[in-house]
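User: Could you take a close look at one part of this model for me, the open sheet? I'd love to hear how its strands are ordered and paired.

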Amino acid sequence: MDALDRARRQSWYHTLELPGLTTQGIFDLRPYVHHYGLPASLAGRRVLEIGTWDGFWAFELERRGAAEVVALDLDDEAALDWPPRRRPASFPDVRRGAGFELARELLGSNVRRVVRSVYAATPEELGGPFDLVLCGSVLIHLRDQLLALERIAALTAPGGLFVSAEGYERPLDLLLPGRPLPRRPRRRGGLLVALAAGLAADAGLRRL
Ligand SMILES: C[S@@+](CC[C@H](N)C(=O)[O-])C[C@H]1O[C@@H](n2cnc3c(N)ncnc32)[C@H](O)[C@@H]1O
């Protein structure tokens, strides 16, 4: 079976425009790209995406001309930070990176996917710090957000840019500062903006 046939049978997290196929992803982020404040050109830049899944952002960063794109993720869903009450009893027998690899092949992409937790990601092991680090909808799923932000601070070159996009609870942020968030059935609550900003500052990230 060729790559396009395999892509047609693949379950997709991201809607991706691939040659010969636009995938039916659970999330179509195309209308939101302009909200992320990404530089129009990343020519000559070294960039990192954390938690890439099918690679929507990594491929977008490459499309903007980055000299090198590294994309981190884990393959094994059992290795994710499931809160004890929501940890599934069993996990699907599919690797998280399968869609990414198909897309990479079809796009003729050079994005390098590295199977590593953000907790263990260091500039020493990833070829040095990055001019831009993008992390979207990952921190809300992590148990140790401060450790992740410390790793991100070390991975961002001096003068570099960290682009963070996370779900947050706007009404609760305004109404209930400092109060625990209600539990949602499928995910943790969003970050509170003040808390996220405080954690980022504690991790050494300077607000621009
Ligand atoms: C909700 S998805 C977001 C995917 C993509 N970043 C986006 O914005 O659409 C979260 C991603 O983070 C990854 N992830 C979760 N924990 C991680 C960790 N400790 N290190 C690296 N990636 C992680 C998941 O495997 C998944 O691909």
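Analyst: Happy to, and here is a walk through the sheet, strand by strand. This is a predicted model, in which local features need pLDDT of at least 70, side-chain atom pairs count only at pLDDT 80 or more, and totals for chains, interfaces and linings use all residues. Residues are numbered from 1 along each chain as its sequence is written.

Let's begin with the overall layout. The open sheet has five strands in the order β5-β4-β3-β6-β7, with parallel pairing. Helices (H or I, at least four residues) and strands (E, at least two) are DSSP runs, numbered from the N terminus, and two strands pair if DSSP finds at least two bridges between them. Strands of a sheet pair through backbone hydrogen bonds, either parallel or antiparallel. β5 and β7 (156-165) stand at the edges with a single partner strand each, so one side of each has no neighbour in the sheet. From one strand to the next the twist averages 20°; axes here are lines fitted to C-alpha atoms, for helices over the stretch in contact, and angles run from 0 to 180 degrees between N-to-C directions.

Now to β3, residues 46-50, where five of five residues are buried. A residue is buried if 20 or more other C-beta atoms lie within 10 Å of its own, exposed if 12 or fewer, and partly exposed in between, with C-beta atoms placed from the backbone. Both faces of β3 are covered: Arg46, Leu48 and Ile50 are buried on one side, and Val47 and Glu49 on the other.

On to the partners of β3. Five bridges join β3 to β4, and the two run parallel; Arg46 has Glu68 in β4 as its bridge partner. Between these two strands the chain passes through α2, making a right-handed β-α-β crossover, where right-handed means that, with the strands pointing away from the viewer, the path from the first strand over the helix to the second runs clockwise. β3 also pairs with β6 (residues 130-136) in the parallel sense, over four bridges, and Val47 has Leu132 in β6 as its bridge partner.

Moving out to the edge, β4 and β5 run parallel and are joined by four bridges, with Leu72 partnered by Val114 in β5. β5 (112-115) is also among the elements against which the buried residues of α3 pack; those residues are Gly99, Phe100, Leu102, Ala103 and Arg104.

Key
Contact = placed C-beta atoms within 7 Å.
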